[in-house]
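Here's a quick tour of a protein model, with an eye on charged pairs, a few individual residues and a sheet. Have the viewer open while you read.

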Amino acid sequence: MIELRDLSYVRMGASNLEEAEDFATKCLGLQTGEQSGKTLYLRSDQRAHTLCYFEGNPADQTVGFEVANEANLDAAAATLDQLGHPVHAGKPSECALRKVKSFIGFKDPTGNQIELVVRPERSGKRYFASRDAGITGFSHVGLHTTDPARDEKFWTQVCNARVSDRIGDIALMRVNAIHHTIALAPGRGPGIHHVNHQVESNDDVLRSYYHLSGQRVPIVFGPGRHPTSGARFLYFLGPDGMVFEYSVGVDEIQDEGKHRPRQFGFEPSSLCMWGSKSARPR
């Protein structure tokens, strides 16, 4: 089984790198860690970066997960190869671009681009946001799935993800104590559905609601509260149609032996217990 430790980063192509940086710093509230040529590294916590924009096709999207060591990486590559998922071993120049010791790349059953990394770079400098969004770190991603049951099986049987709850057939899965690290979302093809950052308080969610509204950033869902994880949330639209989320108060599952996934109906009240309706563009 492939043992995922945590999310490491998201890499996304940007049609306009300058606009992407403007959004990430002035609206989202990340810190520019480094800009190297046509690549922009953004920080949200103690890591050297958790979001990377590069000049390129916005459909070029990759999610990186950390594994413990080289032995685990080699074992993961062997497992994936045996299951028919072609594996790309990162060259030194590619590792440098990702600020990791080593990595492998592959596609999940839907075709989402996934990378497993060893020793992602940390920073000795304290994360200092470009605006006071209250961000405490990069927390989870939503991934499109063309077959929820098949993809749930991949993430929970090939990898070590555990289902925390389901909304209809859609699984919310964790790789650590936090309620979910991966949220599967129905889609017509591969891609990232949304990118989540945790914030410190309810006040941060509401302050950002007014700040983003004032910056004319489209709000696509919330403020609201998820009945699954208990999180108070806000979803909003970023460059090239990517949706970002702030949330606070996400449940943690400390007792793996006692937890049983709950089943929620596939209906609006399963997404927001306060009654907010999603206006996400199709």
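## A look around the model

The side chain of Ser229 has a polar atom 3.3 Å from the backbone nitrogen of Ala231. That's a polar contact, meaning a pair of N or O atoms within 3.5 Å; within protein, one must be able to donate a hydrogen and the other to accept it, and residues adjacent in sequence count only if both atoms are side-chain atoms.

Before going on, a word on ground rules: this is a predicted model, where local features need pLDDT of at least 70, side-chain atom pairs count only at pLDDT 80 or more, and totals for chains, interfaces and linings use all residues. Residues are numbered from 1 along each chain as its sequence is written, and side-chain values use heavy atoms, with hydrogens and water left out.

Back to Ser229, which sits in the loop between β14 (219-225) and β15 (232-237). Helices (H or I, at least four residues) and strands (E, at least two) are DSSP runs, numbered from the N terminus. Is Ser229 buried or exposed? Its relative accessible area is 0%, so Ser229 is buried. For the cut-offs, buried means under 20% relative accessible area, exposed over 50%, and partly exposed in between (1.4 Å probe, protein chains only). Leaving out residues up to four places away in sequence, Ser229 touches His179, His180, Gly249, Val250 and Asp251, where contact means heavy atoms within 4.5 Å.

Gly105 is another one to click on. Gly105 belongs to strand β7 and counts as buried because its relative accessibility is 12%. With the same sequence neighbours, up to four places away, left out, Gly105 touches Pro86, Val87, His88, Ile114 and Glu115. Tyr235 is 130 residues from Gly105 along the chain, and their C-alpha atoms are separated by 29 Å.

### Charged pairs

How many salt bridges does the structure hold? There are 12, each one a side-chain nitrogen of Lys or Arg within 4 Å of a carboxyl oxygen of Asp or Glu. Here are some of them:

| Pair | Closest N to O |
|---|---|
| Lys26 and Asp22 | 2.9 Å |
| Glu34 and Lys99 | 2.6 Å |
| Lys38 and Glu55 | 3.5 Å |

Lys26 and Asp22 share helix α1 (residues 17-28) and are four residues apart, about one turn of the helix. Lys26 counts as exposed because its relative accessibility is 52%, while Asp22, at 36%, counts as partly exposed.

The salt bridge between Glu34 and Lys99 links distant parts of the chain: Glu34 is in strand β2 (residues 31-36), and Lys99, 65 residues away, is in the loop between α3 (92-98) and β7 (102-107). Glu34 is partly exposed at 33% relative accessibility, whereas Lys99 is buried at 13%.

Lys38 and Glu55 form a salt bridge too. This pair also links distant parts of the chain, 17 residues apart, with Lys38 in the loop between β2 and β3 (39-43) and Glu55 in strand β4 (residues 51-55). Lys38 is exposed at 54%, and Glu55 is partly exposed at 46%. Elsewhere, salt bridges with shared partners join Arg162, Arg174 and Glu256 into one network.

### The sheet

Eight strands make an open sheet with mixed pairing, running β2-β3-β4-β1-β5-β8-β7-β6. The edges are β2 and β6 (88-89), each pairing on one side only. Two strands pair if DSSP finds at least two bridges between them; β3 and β4 have four, in the antiparallel sense. Thr39, for one, has Phe54 in β4 as its bridge partner.
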